[in-house]
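Please walk through this chain strand by strand and then turn to one of its helices. The sequence and the model come first.

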Amino acid sequence: MAASSRSLWAACAVVRPVNKISGLMSCFSSLSESTREVRLDLLDGEQEGIAVIAMNRPSRKNALGRVFGSQLSEAVDAIRFDRRIRVAVMRSEVQGVFCAGADLKERAEMNEVEVEQFVAAGRALSARLANLPQPLIAAIDGAAVGGGLEFAMCCDLLVAATTARIGLVETKLAIIPGGGGTQRLPRLVGMSKAKELIFTGRLVNGREAYDVGLVNSVVEQNESETAAFEQAIKLAEEILPQGPIAVRMAKVAINQGMQVDLASGLQFEERCYAQTIPTKDRVEGLRAFKEKRKPVYKAE
């Protein structure tokens, strides 16, 4: 990575979870902090404003277990409440894998009630990922399978390496995607293709994922297996200098507008546009344009 990074976990320790729902987040939150399976870094220098969610659970291929879920939840909340963060990237530090989905060994030890609570907690975490105010980019350098792909689809933009293996394989285990896969995949690739991929449990590579519209871009994998991450950072760098409040409002307008009819969507756009009018950043943008210089936005 070109710029150095500093840990945010000291800050995470004082962050309180959003919507602390009894019975849902509790199965993530009351866990040991002896190891870090998910780390949140802030980049600095010219990349200041970019945050990186780094998943690192090599023993389980970044599978979603209790500790992993707890620490990912903390990272999400830290991003949400840190105004310094303008864009975030979600990546794996485990070669060959993005996220392998649910930890099936851990789940096999749960009773039916515990399974229901765990799945509900994962679903709530997915929703909070998707509803982060800042743009979130998934860097898929390896396998994104089952719940791993569901997490990736919660991101605003997806970048995949050619060697990535991507798919919703739950029907192979006699279940269905339970973290939003049956709803988010059709919205990305269309209903017919989503049915084909889910019914068959088929895995596709990065290029095939790009061809069906599942990812925004595909890059040739490199020797260090970090090509998607490096491309995601470049994309984050393009977003970084834009007006941060405007970017957040654009995300709200697009996300909300896509759930309703066009007339209602246009009303969402109007309300979001109105939020940008009284900002100091809007005035700075006009002044910078007049003075023929780069604007300096402060999210104000």
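In what order do the strands of the open sheet of 4 strands lie, and is the pairing mixed or of one sense? In this predicted model, the order is E5-E7-E9-E10, and the pairing is mixed. The edges of this sheet are E5 (97–99) and E10, each of which pairs on one side only. At one edge, E5 runs parallel to E7 (residues 143–145), and 2 bridges connect the two strands. Within this pair, Cys-99 is placed opposite Ala-144 of E7.

Cys-99 also leads to the question of cysteine pairing. A disulfide requires two cysteine sulfur atoms within 2.5 Å, and by this rule the model has 0 disulfides. Cys-99 is buried, with a relative accessible area of 0%. Cys-272 is buried as well, its relative accessible area being 9%.

Consider next the strands E2, E3, E4 and E6. E2 (residues 38–43) and E3 (residues 50–55) are antiparallel partners, with 5 bridges between them. Leu-40 faces Ile-53 of E3 across this pairing. The two strands form a hairpin in which 6 residues separate E2 from E3. Gly-45, in the turn, has a positive phi of about 65°.

How many of the residues of E3 are buried? The count is 6 of 6, so E3 is largely enclosed by the rest of the structure. The burial applies to both faces: Ile-50, Val-52 and Ala-54 lie on one side, Ala-51, Ile-53 and Met-55 on the other, and all are buried.

E3 also pairs with E4, this time in the parallel sense and over 6 bridges. Two positions show the register: Ile-50 is opposite Val-87 in E4, and Ala-51 is opposite Ala-88 in E4. The connection between these strands includes helix H3 (residues 66–81), and E3, H3 and E4 together make a right-handed β-α-β unit.

E4 (residues 87–92) is mostly covered too, with 6 of its 6 residues buried. Val-87, Val-89 and Arg-91 point one way from the strand, while Ala-88, Met-90 and Ser-92 point the other way. Arg-91 and Ser-92 are thus among the residues of E4 that are buried. E4 is joined to E6 (residues 136–140) by 3 bridges, and these two strands run parallel. Here Met-90 has Ala-138 of E6 as its bridge partner.

The helix to examine is H8 (residues 191–200), whose buried residues are Ala-194, Leu-197 and Ile-198. Viewed down the helix axis, these residues fall within an arc of 95°, so they line one face of H8. An α-helix has 3.6 residues a turn, so residues three or four places apart point the same way. Ser-192 and Phe-199, on the other side of H8, are exposed. The cover over the buried residues of H8 includes helix H7 (181–189) and strand E10 (204–205). E10 is also an edge strand of the open sheet described above. After H8 comes Gly-201, with a positive phi near 65°.

Finally, the chain as a whole. It contains 13 helices and 11 strands. Of its 300 residues, 47% are buried. Among contacts between residues at least 6 apart in sequence, 72% join residues at least 24 apart. The chain exposes about 15,300 Å², of which carbon and sulfur atoms supply 54%.

Note on methods: Residues numbered from 1 in each chain as written. Predicted model: local features only at pLDDT ≥ 70, side-chain atom pairs only at ≥ 80, totals over all residues. Heavy atoms only, no water. Buried < 20%, exposed > 50% of the residue type's maximum accessible area, 1.4 Å probe, protein only. Contact = heavy atoms within 4.5 Å. Areas by Shrake-Rupley, 256 points an atom, 1.4 Å probe, with all protein chains shown as cover. Arc of directions from axis to C-beta. Pairing = 2+ DSSP bridges. Right-handed = clockwise from strand over helix to strand, strands pointing away.
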